[in-house]
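Here are two short exercises to work through with the model open beside you. Try each task before you read its solution.

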Amino acid sequence: MFNLVKGTHDVILSEADKYTFIEQTFVEIAQAFNYKEFRTPIIEASELFQRSVGESSDIVRKEMYTFLDKGDRSITLRPELTAGTVRSIVNNKLLALGDFPIKAYYVGPCFRYERPQQGRYRQFNQFGIECIGINSPYRDVEVVSLAYYSLKMLGFKDLKLIVNCIGDDESRNNYKEVLRKYFESHLDEMCEDCKDRFKLNVLRILDCKVEHDQEIVKQAPKISDYLSENSKNNFNKFLKSLDDLEIEYEIDDSLVRGLDYYSDVVFEIHYTSSKGLNYGALCAGGHYNKLVQEIGGPNGVEGCGVAVGIERIAAVMNDDNLFEELDESIDCYVMPMNETYQKNAIDIGTSLRLNGFKTEVCLENKSFKAMFKKAIKLNARFAVIIGENEVNNNSIVVKDLTTEIQEEIALESLTGYLDMKMNEHGDEECDDPSCSCHHHHE
Ligand code: HAM
C-alpha cells in the first residue's frame, strides 16, 4: 500500500464528474466572453516565477516545488498559471500581431508547498483568465464580472466580492516610503519573516499572518491615502461600472494580495457555506502593469486576470447541495445467451455506442439470471438479448426494464426503436409536435 503524498488528494468517480462540470461551466462562460484556451507546461524555469510572482512573495520564498533536472537546470512545478500564460504570449510573439486584447483562459494543476488544511492543498486545480494589451478600468470590470457570473451560474448566492486599489508605481513608491518609516520603529518586535519582508518588499508585511504583527499592521498608514490622481480616477471608474452592473462589493484597504506582480485593482471573492465553513478565497486576481515587461515583453503592456480554485468551489457546492443529482444510469446492457454469441453482442454493443447509447456489454460467460441482475444493478433502461433465434432471424430481443415489456425487433431497426422508446412519455400528455412518441398526439 502506498499513501498519498501529503497535501494531495484523489479526485475520482462522481467527484471527478463534479470537477469536470465546474470546469466546463467556467470554460463555457469564458468562451462566451471570447477567451481562447492556453495549455502551457506544468514545469517552467524557476526564474520565471522568481521574476513574476516575485522574490518577496511567500510562494517563491517558501512554497515552490523546485528541483535541478538531469541537465542541472532549475525547474519549478508551476505554483500558478499567470506567469506561464504571459510567458507563452511573449514567446509566441502574439503581442506583435497587434490584435488587442489577447484573451487567454486555462485550466490545470498547480503546486504549492503549503500547510495542508481545509480548502488548501499542495496540488490543486485552477481555472483562470488573463486579458492583456489594453489599458482600461472596464477591462478589470469584465474580468471580475466573468468570475462573478460564472459563480452565479453554478448556483452561488451571497457572494462577497472584496476589492482594493494598491496603486500605480508612483502611488506605491510613495506609500512604500511611508510604510518603511512606520515599520522601522516596530521591526524589533516583529517576526523574522517580517524582517526579511522589510528588506525585500515592505508591502508584503501587510500580508503577515502572525497575530502580534497583525496588530501593528492595523495601525499602519493606508494605501488609499497615497494614491495618484490617475489611480484614483481609474479605481472610481471601476467601482462605478460595478455599481452599474449591480455587482455588490466591499472595499477592503488591507487587501494587498501575496503575489508581487499586482498594481492598481486587486480583488477576491469569498463565500461562507451554509455549514458556516469558509474555505478561503474562491477566486482572486487583479491588474498588472509590469508583468509582461518582467517576462521579456515590451514596456507598457498591461493586463488583468483572475484564477479560481476548483477544490474550494467543489467543497462549497457539496456543502450547500448545489450539484444536481448525477445521472449514473445506462441505456443498454447487451446480453449474449452464451459464448457463441459473444461476437454478435460485441458488434451490437459497438453499434449502439457509436449511435450515442450508453452501453455495457456482458463479456463473461454468465447465466441469464446473473445477467439480468447485473442489468438492474447497472441501472440499465434496456436489456438487449442475443441468442440462436435472434441470430437466425437477424433480429434482437429488447426488454424495457422500466415497463417489463419485451419485444423482438429486426436488427436494422434497433437504434430507431430505442430512440422511439426513449422519447415516449409514459402516460403523460405530450404536446411537443417534434416529439416522436406517436401514442399521445392527436
Ligand atoms: P492566488 O490567490 O494565489 O492567485 O490563487 C487563486 C485561487 O487559487 C485562490 O483564490 C484559491 O481559490 C486557489 N488556491 C490557491 N492556493 C491554493 C491551495 N493551496 N489549495 C487550494 N486552492 C488554492 C493566483 O494564483 C493568481 N495567478 C491569480 C491571477 C490571475 N491574478 C491575475 N491573473
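**Exercise 1.** Find which atom of the ligand a polar side-chain atom of Thr82 lies beside, and at what distance. Then describe the shell around the ligand.

*Solution.* Step 1: the partner of Thr82 is a nitrogen atom of the ligand, 2.8 Å away, where a polar contact is a pair of N or O atoms within 3.5 Å. This is a predicted model: local features need pLDDT of at least 70, side-chain atom pairs count only at pLDDT 80 or more, and totals for chains, interfaces and linings use all residues. Residues are numbered from 1 along each chain as its sequence is written, and side-chain values use heavy atoms, with hydrogens and water left out.

Step 2: look at Glu130, which has a polar side-chain atom 2.9 Å from a ligand nitrogen. For Tyr261, a side-chain N or O atom is 2.9 Å from a nitrogen atom of the ligand.

Step 3: add the elements. Strands (DSSP runs of E, at least two residues, numbered from the N terminus) S6 (123-132), S10 (283-288) and S11 (303-309) give two or more residues each to the shell. S10 gives the most, five residues.

**Exercise 2.** Place Lys160 in its strand and decide whether Lys160 is buried or exposed.

*Solution.* Step 1: Lys160 belongs to strand S7, residues 160-165.

Step 2: its relative accessible area is 39%, so Lys160 is partly exposed (buried is under 20%, exposed over 50%, partly exposed in between, with a 1.4 Å probe and protein chains only).

Step 3: beyond neighbours within four places in sequence, Lys160 is in contact (heavy atoms within 4.5 Å) with Glu250, Glu268, Ile269 and His270.

Technical notes: A polar contact is a pair of N or O atoms within 3.5 Å; within protein, one must be able to donate a hydrogen and the other to accept it, and residues adjacent in sequence count only if both atoms are side-chain atoms. Helices (H or I, at least four residues) and strands (E, at least two) are DSSP runs, numbered from the N terminus.
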